[in-house]
Amino acid sequence: MKKVLSTALMAVTVTAMALTGCAKKEETKPGAASATPAPSAAASAAPKGDTSGKDFKIGMVTDIGGVNDKSFNQSAWEGLKLLEKQTAAKVKNLESKSDADYTPNLNQFVKDNYNLTWGIGFLMGDALKTVATQNPTAKLAIIDNVVEAPNVESVTFSEQEGSYLVGVVAGLTTKTNKIGFVGGVEIPVIKRFEAGFVAGVKAVNKDAKIQINYTGAFDKPDLGKAAAATIFNDGADIIFHASGSTGNGVFNEAKDRAKSGKKVWVIGVDKDQSLEFGDEVTLTSMMKRVDQAVARVSKDVVENKFQGGKVVVLGLKDDGVGLPETSKKNVTPEILKKVDEFKAKIISGEVKVPETP
């Protein structure tokens, strides 16, 4: 049964917009613990003294983007590091170098009797379903996919709603009426990003032309850079990416152009990416509060409140997606007011945001 996690239940976490980037990714062999990013400033400032989770072990398996992807996986890991600060629970991550690593990495945590094992990303759905079925007493959770099993809690997001809002920003900010979207793999969650973004742009700028480019990967910055170069060369002045660490290449291309005096913008994803790539090229970001969801569900395990079989959907009304406060640095007050108007209409149901292009 689909339920919505309320904002109140997520109050134990901090907003993802306060989180900062982490250390450079180190090479890790499949099945081995990855290098641990330095805890964010927000996590370091978390309350201490609660040791309710000291006997608990929470594991997290990333998809091929890696834990230091500056985006999705990193946000999830920051959520677990926050939980560690708050409860003294032991947390660990394993990086997957290919989809062949998903099942053995998940099984490693189950075999080691972890109290909860996370699979981060849509692509891990089949592997997590297999492990959950073979280990019915183990507790597992997944982000961005629904795994129907009594021992799995699934967390998904209404990415299309937040993407609609950054589409409004792009449509009202562009000076060339040419805008780009760079996606990773063409899977339902990324198509929701695309659909919402295009709808938001068109809601405020009927004349805008949107170029769509899927790179087919979440871990290839070089492909992101090439895709961005093509779109910018075609006259676009804004690109929204939803492509994991592939999007790092989109930012790098924008920064290279800025050095030669060409003004272009990138809209970040998942985290407030202006904290990593700077305000010079980051117009805003479509925040997806994976860190909050991971921390909340993990804390439920510590408090013996785990809800296996539950599906959580987080949208604008739950503060699960949205824009960061730093948007006001580059987005005009008039445009932000328009964003707030559309946000209210989406929450009320007056505006229905499409989930597919």
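This report walks through some aromatic contacts, charged pairs and a surface patch in the structure above. The model is a predicted one, so please read every value below as computed from that prediction.

## Around helix α6

A good place to begin is helix α6, which covers residues 188–204 and includes Lys202. Three residues of this helix give a feel for its surroundings: Ala195, Phe197 and Lys202.

Let us take Ala195 to start with. Ala195 sits in helix α6, and its relative accessibility is 4%, so it counts as buried. In space, its C-alpha atom is 9.8 Å from that of Gly167, a residue 28 positions away in sequence.

Phe197 brings us to the aromatic rings. How many aromatic pairs does a search of the whole structure find? The search finds eight. In one of them, Phe197 and Phe240 form a tilted pair, with 4.9 Å from centre to centre and 50° between the planes. Phe197 belongs to helix α6 while Phe240 belongs to strand β9 (residues 238–242), so the pair ties together parts that are 43 residues apart in sequence. Both Phe197 and Phe240 are buried.

This pair is also part of a wider group: ring pairs link Phe181, Phe193, Phe197, Tyr214 and Phe240 into a cluster. Among these, Tyr214 lies in strand β8, which runs over residues 209–214. Is Tyr214 buried or exposed? With a relative accessibility of 18%, Tyr214 counts as buried, because the cut-off for buried is under 20%. Tyr214 and Gly224 are 10 residues apart along the chain, and their C-alpha atoms are separated by 9.0 Å.

Lys202 shows another side of helix α6. Its relative accessible area is 31%, which means that Lys202 is partly exposed. Together with Lys178, Lys206 and Lys209, Lys202 forms a positive surface patch.

## Salt bridges

Now for the charged pairs. Side chains of opposite charge can pair when their charged atoms come close. The structure holds 21 salt bridges, and the table shows three of them.

| Salt bridge | N to O distance |
|---|---|
| Lys97 and Glu95 | 4.0 Å |
| Lys329 and Asp279 | 3.3 Å |
| Glu303 and Lys299 | 2.5 Å |

In the bridge between Lys97 and Glu95, the partners have unlike surroundings. Lys97 is partly exposed, with a relative accessible area of 30%, whereas Glu95 counts as buried at 1% relative accessibility.

The bridge between Lys329 and Asp279 joins two loops. Lys329 is in the loop between β13 (321–322) and α11 (333–348), and Asp279 is in the loop between α9 (274–277) and β11 (282–288), so this pair ties together parts that are 50 residues apart in sequence. Lys329 has a relative accessible area of 52% and is exposed, while Asp279, at 29%, is partly exposed.

Finally, consider Glu303 and Lys299, whose side chains also meet in a salt bridge. Glu303 counts as partly exposed at 30% relative accessibility, but Lys299 is buried, with a relative accessible area of 12%. Which residues belong to the network that includes these two? Salt bridges that share partners join Arg296, Lys299, Asp300, Glu303 and Lys305 into one network.

Notes. Residues numbered from 1 in each chain as written. Predicted model: local features only at pLDDT ≥ 70, side-chain atom pairs only at ≥ 80, totals over all residues. Heavy atoms only, no water. Patch = residues over 30% accessible without salt bridge, like charges linked within 9 Å, V, L, I, M, F, W, Y side chains within 5 Å. Areas by Shrake-Rupley, 256 points an atom, 1.4 Å probe, with all protein chains shown as cover. Lys, Arg positive; Asp, Glu negative; His and termini not counted. Charge placed at Lys NZ, Arg CZ, Asp CG, Glu CD. Helix = DSSP H or I, 4+ residues; strand = E, 2+ residues; numbered from the N terminus. Buried < 20%, exposed > 50% of the residue type's maximum accessible area, 1.4 Å probe, protein only. Phe/Tyr/Trp six-rings, centres within 6.5 Å; stacked < 30°, edge-to-face > 60°.
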